[in-house]
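Here is a set of exercises to work through with the model open beside you. Try each task on your own before you read its solution.

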Amino acid sequence: MHTLNLGILAHVDAGKTSLTERLLHTAGVIDELGSVDDGSTQTDSMALERRRGITIRSAVVSFVVGGVTVNLIDTPGHPDFIAEVERVLGVLDGAVLVVSAVEGVQAQTRVLMRTLRRLHVPTLVFVNKTDRRGADPDRVVRDLNRKLAPVIRPGDTEALAEHDDEALAAYLDGRPAPDRLVARTRDCTVHPVFSGSAITGAGIDELTAAITAFLPTAGAVDGPMSGAVFKVERGPAGERIAYVRMFAGTLRVRDRLTQGRVTALSVFAGGGPVPAESVGAGRIAKVWGLDARVGDIVGAPRDGHGHAFPPPTLRTAVDPVDPADRLALHAALTQLAEQDPLIDLRRQDGLTVSLYGEVQKEVIEATLREEYGIAVTFRETTTIHVERPVGEGAAVRVRESAPYPATVGLRVAPGPAGSGVQFRLAVELGSLPLSFFTAVEETVRTELRCGRRWEVTDCVVTMTHSGYFSPVTTAGHFRDLTRLVLHEALAEAGLRVHEPVLRFRLEVPEDVVGTALPVLTRLRAVPHTTTPVGSTCVVEGDIPAATVHRLERRLPALTRGEGVLESVFDHYQPVTPRS
């Protein structure tokens, strides 16, 4: 049986989770429809998800359509959880993007569609809530074509002819060309669009049939076993469970991997996971026994796998209400970081975590309280900066002049933007035992990650001198000496603080552009283009992450509630002193 790993994506409140419930009900997996408002849906299992009526963590359920096993992945809709969405997209065969027939295209809808097209994920569009007052699916379809990407109602050969030469020939001959829509869907040229209501069930049969008709399925793939971890959770006994999408080969119970030995497996069938002895290519499995983190490769690396997520731009410190809970808090946050590595837990002025937005802070607070029994408070949220070397710097400590029986010399130089930390050797590999080289490199990376206040990045660190005194010298001596030498080299190179800059797209009514541009300037934004689009105007440019939240708060009053702002991390720029 073939498998289709399907993502359901949408802006908050477009009806994504309700559509998931309806698809499961139509397929006979559940007897009664769950309700987002009542907190009784299949995929929103966290207490906060049920209370807030939003999806926070991706969830997997399964059903069968026309001989195809569909693993349906319900993803978050709130922009604070975009990284959770993007890490799931890498394991999908296809997707359904849900848009409300009432609210229409929203900022997050645009972000999701652009991401789906960038990652080349074949996508259907479902215009939901056609049963609601104010619904206008035809207007939404027009807006989708104008603002997002080509969407086509199945059977509209004329519209398809604009994107496919064979469809154009069929149109001129007066004949249909249904196979061409399948081809253009699978190469992400166009997106079939359907409409209906997840609540009433209208249009669901057509959408269900289209999922297997238009989207590609995954079958057996020969070659070395290869998979990717896209989610990690803890079981009832605290055991770590990895969700793995298999791309090739077969993973079996008792297999030994770099992350450990597989002790148990389950695959998704008939709604949820069922125990299995093995899992093949195309399937999604829950795997026990691995010391795995989100993003890990299981088995052989796969060409093209890997996706760089936009980094969080906010950071906050987390403090336990009861000081006696400090150790328990660190352990709990460490587990949360397994589930979401971008939390980036650090010990700096207490325990700090990275965020995409304030809603994440509420999720962390509720999770710590409800799942770990730890009450916490948060300090003021700050913008994450980085430091980069200004020039070159070098330092050497030799064993004759240092209180350590070792010699370490390091040179620090600027690296290309976005290159991270590169560690190189300018000494003979045989001049030290391998464990000593490892101690030096690990210490360099750890110290740069912590920095003086911010992480030091985009630099090349070269080991220029080495030496030891056998049998006295230990790896600990090299770690201690490397810290001293590195900071001396950084002091000579000089460091400059850089702030994160977002690329923004702001759509406003044409008559308020003259008012909006001075506001952008005061917020240190740099508009690059201003383009009239009908009765609106689109301004695109750069804005510091430190001021984008002020723009978000001012936008409704500035644009009569009609402004739409999209932003995504783009680069870092030097912080300039303000007069």
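The exercises below concern a predicted model, and each task is followed by a stepwise solution.

**Exercise 1. Helix pairs**

Task: Work out how α10 and α11 are oriented to each other, and state the handedness of their crossing.

Solution:
- Start by locating the two helices: α10 covers residues 326-339 and α11 covers residues 358-372.
- Their axes lie 11 Å apart, and the packing angle is about 115°.
- Angles of 65 to 115 degrees count as roughly perpendicular, and α10 and α11 are therefore described as roughly perpendicular to each other.
- To finish, the crossing of α10 and α11 is right-handed.

Task: Now treat α14 and α15 in the same way: what is their orientation, and what is the handedness of their crossing?

Solution:
- Helix α14 is made of residues 513-522, and helix α15 of residues 545-558.
- The two axes come within 12 Å and cross at roughly 165°.
- An angle over 145 degrees counts as roughly antiparallel, so α14 and α15 are placed in the roughly antiparallel class.
- The crossing of α14 and α15 is right-handed.

**Exercise 2. Salt bridges across the sequence**

Task: Find which elements are linked by the salt bridge of Arg110 and Glu507, and give the sequence separation of the two residues.

Solution:
- For context, the model has a count of 37 salt bridges.
- In the pair asked about, the side chains of Arg110 and Glu507 meet with an N to O distance of 2.8 Å.
- Arg110 sits in helix α4 and Glu507 in strand β28 (residues 495-509), so the bridge links distant parts of the chain, 397 residues apart.
- Both Arg110 and Glu507 are buried.
- The pair also belongs to a wider set: Arg110, Arg114, Lys147, Arg505, Glu507 and Glu566 are linked in a network of salt bridges.

Task: Decide whether Arg397 and Glu488, which form a salt bridge, are buried, partly exposed or exposed.

Solution:
- The closest N and O atoms of Arg397 and Glu488 are 2.6 Å apart.
- Arg397 belongs to strand β23 (residues 393-397) and Glu488 to helix α13, with their positions 91 residues apart in sequence.
- The buried class ends at 20% relative accessible area and the exposed class begins over 50%.
- Arg397, at 23%, is therefore partly exposed.
- Glu488, at 31%, is partly exposed as well.

Task: Apply the reasoning to Glu447 and Arg483: which of the two is buried, and which is partly exposed?

Solution:
- Their side chains meet in a salt bridge of 3.4 Å, N to O.
- Glu447 lies in helix α12 (residues 434-450) and Arg483 in helix α13, so this bridge ties together parts 36 residues apart in sequence.
- Glu447 has a relative accessible area of 18%, which means that it is buried.
- Arg483 has 33%, which means that it is partly exposed.

**Exercise 3. Backbone details**

Task: His120 and Lys129 have positive phi values; place each residue in its loop and say how accessible it is.

Solution:
- Take His120: its phi is near 60°, a positive value in a residue other than glycine.
- His120 is in the loop between α4 (107-118) and β5 (123-128), and a relative accessible area of 48% makes it partly exposed.
- Next, Lys129, also not a glycine, has a positive phi near 65°.
- Lys129 is in the loop between β5 and α5 (137-147), and 13% relative accessibility makes it buried.

Task: Which two residues does a cis peptide bond join, and where is the proline found?

Solution:
- The bond joins Ser470 and Pro471, with omega about 0°.
- Pro471 is in the loop between β27 (459-468) and α13 (475-493).

**Exercise 4. Surface and interior**

Task: Contrast Tyr171 and Val151: which is buried and which partly exposed?

Solution:
- Tyr171 is in helix α7 (residues 165-173), and its 38% relative accessibility counts as partly exposed.
- Together with Leu168 and Leu172, Tyr171 makes a nonpolar surface patch of about 300 Å².
- Val151 is in strand β6 (residues 151-152), and at 7% relative accessibility it counts as buried.
- Val151 and Val125 are 26 residues apart in sequence, with a C-alpha to C-alpha distance of 7.7 Å.

Definitions and conventions. Residues numbered from 1 in each chain as written. Predicted model: local features only at pLDDT ≥ 70, side-chain atom pairs only at ≥ 80, totals over all residues. Heavy atoms only, no water. Patch = residues over 30% accessible without salt bridge, like charges linked within 9 Å, V, L, I, M, F, W, Y side chains within 5 Å. Areas by Shrake-Rupley, 256 points an atom, 1.4 Å probe, with all protein chains shown as cover. Salt bridge = Lys/Arg side-chain N within 4 Å of Asp/Glu carboxyl O. Helix = DSSP H or I, 4+ residues; strand = E, 2+ residues; numbered from the N terminus. Buried < 20%, exposed > 50% of the residue type's maximum accessible area, 1.4 Å probe, protein only. Axes fitted to C-alpha atoms, helices over the stretch in contact; angles between N-to-C directions. Parallel < 35°, antiparallel > 145°, perpendicular 65-115°, else oblique. Left-handed = near helix turned anticlockwise from the far one by under 90°.
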